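Hi everyone, thanks for making the time. Please have the sequence and the model open, and we'll walk through them together.

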Amino acid sequence: MAEEKTWALVSEVGGEHGYLEELADILKQHFRIICYRELLEDPVLHGPKIQVLFMWKYCPAAEPLLLGLLPSLKVVVSGGVGIDHLDVPFINSLGAKVANTPGVVSDSTADLTMGLLLASARKILDGHQIAIDPKTMHIPQSLMGVEVTGSTLGIIGMGEIGYKIAQRSNGFEMKILYHNRTRRNVEDEQAVRASYCESLDDLLRQSDFVVIAVKLTSDTTGLVGHRELSLMKPTATLVNISRGQVVDQDALVKALQSGSIRAAALDVTHPEPLPRDHPLLGLPNVLITPHIGISTYNTARRIVEKMVENALAAVKGLPVPNEVKLQLHNQC
Ligand SMILES: O=C(O)[C@H](O)CO
C-alpha cells in the first residue's frame, strides 16, 4: 500500500484570493494538502495530522490555529522574506521551526522598485491617463518629471534586495549612497559604485530618491518619521518597498501635502489595503501599488519550490535551509 503523504495546511490555495492552481500542484506532488475550509470541517480529526503549515503574509498564524495543529506541527513555512506576521518565538516554543524564502524574491522586488521610482519620477501613470483621454490635445506642464539619470539614490537597508536595487541603478548612472547597520565590504561597494553613509540623516539630505529596503523590526518601525522627512530635499521622492510600518504615514501625508518632499511611491502601506478614505489615496503626488513586489510568475514558482524544500527538510528532521532563528539583520 502506498505510504500516505505528509499532511500540510495551506493558508490559501486557488480561488479568488488564493494562490495559483498550478503552484498548488507543486505542493500537492509532495504533500496531502488541506486548506482552512477543510480543516474547519473537522479540526479535531484533521488538525493533529498536520506537520507543515504553508503561509502567505496575509494570513496570520493565529495562536488557536497553531495549537490545533499539535502535536504534529513541525514547521511553519512562509512564502516571501518578511516574517513580521509570525511570532517566531511562540512557534518555536511549540516545538516547530519557522522558515521563509529569501533570495528568490530579491530580483522581482528590486525590479518593481525601479518601476515605482521611474513611474513616479516621470509621472507615467498621469501620462497614461492623459494619453487615453480623448479631450487631451497636448502634453501639459503637469507631466514634467524629474530626471533619474545622474541623480542621487539613497538606499536604506543594503541587504540582498537593496544591493540588487543598487545594481539596477548603475544602469541609470545614479550616484548611490546607502545606509545599513553594518557596512558592506569594499568589493561589494565598488562593484555597484555605492558609498556608505554612516549617518542616515546625511543620506536623507543628499538623495533625490530615497528607497526603503529594510526588514520590519522593532528598530525599523517608524524609522522614517516627521524629522527624517523634513531632512529630505523638497524635490526628493520616497520609495518604500519594505513594510508600511517603517514610515510614519501621518507624517508622510503632511510632508506630501506641504510639499516638503516631492512625491512618494509605495508598494507597501499600513494597513493593506488602506481604508478608502485614507488621505494618501487622494494625493496627486502619491503612487501606490498593492504589495506586488514579488508578484511575478517566476518568483511565485521559485517561492513555492523553496517552501517545499524547507518543509521536506523539516519533516525529515534535516537542517532546514532557510530556518528563521532570530532577526539579526534589519535589511531585506
Ligand atoms: O516579504 C516579502 O517577501 C514580500 O514583501 C511579500 O510579503
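Strand 9 is covered on both faces: F209 and V211 are buried on one side, and V210 and I212 are buried on the other. Please keep in mind that this is a predicted model.

So who are the neighbours of strand 9? On one hand there is strand 6, which pairs with strand 9 in the parallel sense over four bridges. If you want a pair of residues to click on, I156 has I212 as its bridge partner in strand 9. Strand 9 also pairs with strand 10, residues 237–240, again in the parallel sense and over four bridges. There, V210 stands opposite L238 of strand 10. To get from strand 9 to strand 10, the chain goes through helix 11, residues 226–231, and this β-α-β crossover is right-handed.

Let's go back to strand 6, residues 152–156, and look at its pairing with strand 7. These two run in the parallel sense, with five bridges between them. One bridge to look at is I155, whose partner in strand 7 is Y178. Strand 6, helix 8 and strand 7 together make a right-handed β-α-β unit. Strand 7 itself, residues 175–179, is mostly covered, with four of its five residues buried.

Moving along, strand 7 pairs in the parallel sense with strand 8, residues 194–196, over three bridges. Y178 turns up again here, standing opposite Y196 in strand 8. The chain crosses from strand 7 to strand 8 through helix 9, residues 186–192, in another β-α-β crossover that is right-handed.

Now, helix 8: is it largely enclosed or open? Eight of its eleven residues are buried, so helix 8 is largely enclosed by the rest of the structure. Among the buried ones are I161, Y163, I165 and A166, and also a lysine, K164. What do the buried residues of helix 8 pack against? The list is helix 6, strand 6, strand 7, helix 9 and strand 9.

Take Y163 as an example from helix 8. At 12% relative accessibility, Y163 falls under the 20% cut-off, so it counts as buried. Leaving out neighbours within four places in sequence, Y163 is in contact with M158, R184, D188, A191 and V192.

Just after helix 8, have a look at E173, in the loop that leads to strand 7. E173 has a positive phi of about 50°, although it is not a glycine. With 55% relative accessibility, which is over the 50% cut-off, E173 counts as exposed. R193, in the loop between helix 9 and strand 8, also has a positive phi of about 50° without being a glycine. As background, most residues other than glycine have a negative phi, and most peptide bonds are trans.

On that second point, there are two cis peptide bonds to show you. One joins L70 and P71, with omega about 10°, and P71 sits in the loop between helix 4 and strand 4. The other runs from H270 to P271, with omega near 0°, and P271 is in the loop between strand 11 and strand 12.

Let's zoom out to the domains. The protein chain is divided into domain 1, which covers 7–103 + 296–316, and domain 2, which covers 105–288. Their centres are 32 Å apart, taken over C-alpha atoms. Eleven residues from domain 1 and eight residues from domain 2 take part in the contact.

Where does the largest nonpolar core fit in? It has 52 residues, and V52, F54 and I165 touch the most other members. Helix 13, residues 297–316, gives the largest share of this core, eight residues. Both domain 1 and domain 2 give residues to this core, so it lies between them. For V52, the contacts beyond its sequence neighbours within four places include W7, F31, L73 and V315. Apart from that core lies another one, of 30 residues, among them V214, L252, L274 and V286.

Last stop, the cysteines. How many disulfides are there? The count comes to zero. Two cysteines to find on your screens are C35, which counts as buried at 15% relative accessibility, and C197, which is buried at 8%.

Conventions. Residues numbered from 1 in each chain as written. Predicted model: local features only at pLDDT ≥ 70, side-chain atom pairs only at ≥ 80, totals over all residues. Heavy atoms only, no water. Buried < 20%, exposed > 50% of the residue type's maximum accessible area, 1.4 Å probe, protein only. Pairing = 2+ DSSP bridges. Right-handed = clockwise from strand over helix to strand, strands pointing away. Core = buried A, V, L, I, M, F, W, Y, C linked by side-chain atoms within 4.5 Å. Domains from an automatic or database assignment. Contact = heavy atoms within 4.5 Å. Disulfide = S-S within 2.5 Å.
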